[in-house]
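Open the model in your viewer and keep the sequence panel beside it. Where should the tour begin?

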Amino acid sequence: MWQPATERLQVTYLGKVPTTGMQFLSGCTEKPVIELWKKHTLAREDVFPANALLEIRPFQVWLHHLDHKGEATVHMDTFQVARIAYCTADHNVSPNIFAWVYREINDDLSYQMDCHAVECESKLEAKKLAHAMMEAFRKTFHSMKSDGRIHRNSSSEEVSQELESDDG
């Protein structure tokens with residue numbers, strides 16, 4: 001069933017770096033974002049060079065890469081919302097950065113956690129992405145719960161309450 005995009009913005013994709021740890025709490029993306037930001041600022045121009053279109057949908061996040069004319073290329077990264085462990089738009093290095101930690105499954109079925117980050121034109125846009133991701137989390141969680149992929153227990157109830165009460 002087709003559902004419209006929750007949020008779609010032009011952004012600058014800063015890249016991804018592996019991250020370690022299993023607890024994703026406030027501040028967990030700060031170190032990876034600083035690393036990506038340093039790499040980005042070394043090669044940066046003074047203007048906002050949007051090189052991607054980030055689209056947060058109910059169950060997926062699409063990162064459309066743009067060419068030098070600002071037009072979408074055939075290359076697009078797809079992230080399953082259910083595999084996103086954490087996201088935030090609250091970074092000391094720049095308030096315009098939105099980041100998420102994604103569980104990438106390798107060919108041998110092992111996985112690695114990568115922190116991805118984008119720079120938005122403003123702090124407000126970064127916050128909009130965080131709120132859109134919160135809504136995508138909520139829809140994904142409720143769909144998985146109603147499909148029986150998540151069973152009712154104390155931890156799922158806590159997550160459900162957090163999703164319903166969190167304001168991003």
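How many residues does helix 2 have, and how far does helix 2 reach from its first C-alpha to its last? Select residues 123–146 in this predicted model. Helix 2 has 24 residues and reaches 35 Å between those two atoms. The expected span, at 1.5 Å a residue, is 34 Å, so the two values are close.

Now pick Gly 148. This glycine follows helix 2 and has a positive phi, near 85°.

Go to the strands next. Select residues 84–88 for strand 5 and residues 97–105 for strand 6. The two pair in the antiparallel sense, over 4 bridges. Show Ile 84 and look across: Tyr 102 of strand 6 stands opposite.

Keep strand 6 on screen and add residues 111–119, which are strand 7. This pairing is also antiparallel, with 9 bridges. For one of the paired positions, select Arg 103; its bridge partner in strand 7 is Met 113.

Which residue in the turn between strand 6 and strand 7 has a positive phi? Zoom in on the hairpin, where 5 residues lie between the two strands. Leu 109 is the residue to label, with a phi of about 70°.

Stay with Leu 109 and switch on the surface. Together with Ile 105 and Tyr 111, Leu 109 makes a nonpolar surface patch of about 310 Å².

Finish on Tyr 111, which is found in strand 7. Why does Tyr 111 count as partly exposed? Its relative accessibility is 41%, and partly exposed covers what lies between buried, under 20%, and exposed, over 50%.

Technical notes
Residues numbered from 1 in each chain as written. Predicted model: local features only at pLDDT ≥ 70, side-chain atom pairs only at ≥ 80, totals over all residues. Heavy atoms only, no water. Pairing = 2+ DSSP bridges. Patch = residues over 30% accessible without salt bridge, like charges linked within 9 Å, V, L, I, M, F, W, Y side chains within 5 Å. Areas by Shrake-Rupley, 256 points an atom, 1.4 Å probe, with all protein chains shown as cover. Salt bridge = Lys/Arg side-chain N within 4 Å of Asp/Glu carboxyl O. Buried < 20%, exposed > 50% of the residue type's maximum accessible area, 1.4 Å probe, protein only.
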